[in-house]
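Student: I have a model open and would like to go through it piece by piece with you. Can we start with the strands and then see where the talk takes us?

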Amino acid sequence: MPLPMSPLDSMFLLGESREHPMHVGGVEIFQLPEGADTYDMRAMLDRALAEGDGIVTPRLAKRARRSFSSLGQWSWETVDDIDLGHHIRHDALPAPGGEAELMALCSRLHGSLLDRSRPLWEMHLIEGLSDGRFAVYTKIHHAVADGVTAMKMLRTALSENSDDRDVPAPWQPRGPRPQRTPSKGFSLSGLAGSTIRTARETVGEVAGLVPALAGTVSRAFRDQGGPLALSAPKTPFNVPITGARQFAAQSWPLERLRLVAKLSDSTINDVVLAMSSGALRSYLEDQNALPAEPLIAMVPVSLKSQREAATGNNIGVLMCNLGTHLREPADRLETIRTSMREGKEAYGSMTATQILAMSALGAAPIGASMLFGHNSRVRPPFNLIISNVPGPSSPLYWNGARLDAIYPLSVPVDGQGLNITCTSNDDIISFGVTGCRSAVPDLKSIPARLGHELRALERAVGI
């Protein structure tokens, strides 16, 4: 039986067109185990394809469907026999086989739509890297998984044991199915009590939304950090976009960011935002397009440490003043630190439902742009999305091949032609910069600008 699709998942399907693909992706680079070559890894993958019988993990077996019986609403249908030959593909890089050629290939792959008649994912084994490593490019529709979920899937697919040679292929199911929690039985008194508690909670949530909304709007008018912004300037990024994508990436030791954060009394995420701020300022200056007002970034944040005991839903979005109007790196970092602190303090007095409601309010214009197109006459709600997705904290392997780097590819949308996403892997942090080729013509220069800003921040804190 088809499973109903959530409104958010449906939005990613409804907002998709040839010019606006709605999938997230990732490039994983692996170091071969000693004595092996890429032919060995390809043979291993081919064996998994031949022996897989079209069976995949449940999340990858879902196909999006809608029909007259569902009144045109999207739902999920499980496909029993997957054509793995369609989903798993082989690619090779042209000479000289460097990361520039890898990023160019992944840019092209990321710009093409997934086939909606099949489960919405692809995986490409990429050979030809000049240093003997190999890469895997994976893309999955945003309706199926967001970046955090995709990262969890990657962790599950790999092993922490470098000697493990029986690791299933990334698409194959793992382990026994989880056991159902035993039912406690039906109880009228229990049902009545649950109904009363739910009613009380609902009344409290509705009543609490009014002051939460008033506080959110007030903070926005005062240009303070929070889930809503009213002061984002127009930039070259905030235009209608095409379907052609461009991708660039670079990695740095995580310890460098950690030390800057420690010496400046900020967080690693603050440093990520400060690196992005300096890179954006430099880029826009070279384009003669740096606005006098600071750029505003929408930043997905986890509030688990603050509200773990109260609720399991601890994700919100904050609008961060990037301080791009300021010349000194230290001043930009301080502006970002203050903006993020103010936003987290605003969430500190809200319930999970109120956090989600205020986050939806701030992000609503981007949903409207996805569905109806970008209106260039309207001031953008924010200028870009900058995400920091936590990755594995220890080395991971696939049948002895070590995961060296993870480069995330995200989803530019109409009116938001640039996205910066980073993720960590062991002791490395990698930035993936994804953009529309027409909106961000010199995107390839941004990773170098990120590195320049990291060095500037180190000098600013005395390193």
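Student: How many bridges join β1 to strand β4, and which way do the two run?
Tutor: This is a predicted model, and in it 2 bridges join β1 to β4, residues 75–78, with the two strands running antiparallel. Within β4, W76 is the bridge partner of L3.

Student: What is the order of the strands in that open sheet?
Tutor: The sheet has 3 strands in the order β1-β4-β3, with antiparallel pairing. β1 (3–4) and β3 (62–65) stand at the edges with a single partner strand each, so one side of each is left without a neighbour in the sheet.

Student: And the sheet with 6 strands, what is its order?
Tutor: That open sheet runs β5-β6-β7-β2-β13-β12, and its pairing is mixed. Its edges are β5 and β12, and because each has a single partner strand, one side of each lacks a neighbour in the sheet. At the β12 end, β12 and β13 pair in the antiparallel sense over 2 bridges, and W398 stands opposite A401 in β13.

Student: Switching to helices, what covers the buried residues of α2?
Tutor: The cover includes β5 (88–92), β6 (121–127), β7 (134–141), β12 (397–398) and β13 (401–409). The buried residues themselves are T38, M41, L45 and A48. Seen down the axis of α2, these buried residues fall within an arc of 85°, so they line one face of the helix. On the other side of α2, Y39, A50 and E51 are exposed.

Student: How far does α2 reach from its first C-alpha to its last?
Tutor: Helix α2, residues 38–51, has 14 residues and reaches 20 Å between those atoms, which is close to the 20 Å expected at 1.5 Å a residue. At its start, a side-chain oxygen of D37 comes to within 3.0 Å of the backbone nitrogen of Y39, and just after the helix D53 takes a positive phi of about 55°.

Student: Two of those α2 residues must show up in contact lists; what does W171 touch?
Tutor: Leaving out residues up to four places away in sequence, W171 touches L45, A48, L49, I55, V56, T57, L60, L84, I88, W121 and M123. L45 and A48 in that list are also among the buried residues of α2.

Student: Which members of the largest nonpolar core touch the most other members?
Tutor: The largest nonpolar core has 56 residues, and the members that touch the most others are F30, V56, W121, F134 and W171. There is also a second, separate core of 48 residues, which includes I241, V271, Y283 and C436.

Student: Y283 sounds like a handle on another region, so what about V440: buried or exposed?
Tutor: V440 is buried, with a relative accessible area of 0%, although it is found in the loop between β15 (428–436) and α12 (446–460). Not counting residues up to four places away in sequence, V440 touches F237, Q246, Y283, G417, L418 and I446. The C-alpha atoms of V440 and Q246 are separated by 8.4 Å, while the two residues are 194 residues apart along the chain.

Student: And helix α8, how many of its residues are buried?
Tutor: It is mostly covered, with 15 of its 19 residues buried. The helix, residues 268–286, should span 27 Å at 1.5 Å a residue, and its end C-alpha atoms are 27 Å apart, which agrees.

Student: What comes after α8, in the loop between it and β9?
Tutor: Q287 is found in that loop, which leads to β9 (296–302), and Q287 is partly exposed, with a relative accessible area of 35%. From C-alpha to C-alpha, Q287 and D442 are 9.2 Å apart in space, against a separation of 155 residues in sequence. α8 is also followed by N288, whose phi is positive, near 55°.

Student: One polar residue before we stop: what joins the side chains of N419 and S410?
Tutor: A polar contact of 3.4 Å joins them. N419 has its place in strand β14, residues 418–425, and is buried, with a relative accessible area of 3%. Beyond its neighbours within four places in sequence, N419 is in contact with I385, S410, G432, V433 and T434.

Student: And for the protein overall, how many helices and strands are there?
Tutor: The protein has 12 helices and 15 strands, and 51% of its 463 residues count as buried. Among contacts with a separation of 6 or more, residues 24 or more positions apart account for 77%.

Technical notes. Residues are numbered from 1 along each chain as its sequence is written. This is a predicted model: local features need pLDDT of at least 70, side-chain atom pairs count only at pLDDT 80 or more; totals for chains, interfaces and linings use all residues. Side-chain values use heavy atoms; hydrogens and water are left out. A nonpolar core is a set of buried Ala, Val, Leu, Ile, Met, Phe, Trp, Tyr and Cys residues joined through side-chain atoms within 4.5 Å. Buried means under 20% relative accessible area, exposed over 50%, partly exposed in between (1.4 Å probe, protein chains only). Contact means heavy atoms within 4.5 Å. Helices (H or I, at least four residues) and strands (E, at least two) are DSSP runs, numbered from the N terminus. The expected span of a helix is 1.5 Å times one less than its number of residues. The arc is that of the directions from the helix axis to the C-beta atoms. A polar contact is a pair of N or O atoms within 3.5 Å; within protein, one must be able to donate a hydrogen and the other to accept it, and residues adjacent in sequence count only if both atoms are side-chain atoms. Two strands pair if DSSP finds at least two bridges between them.
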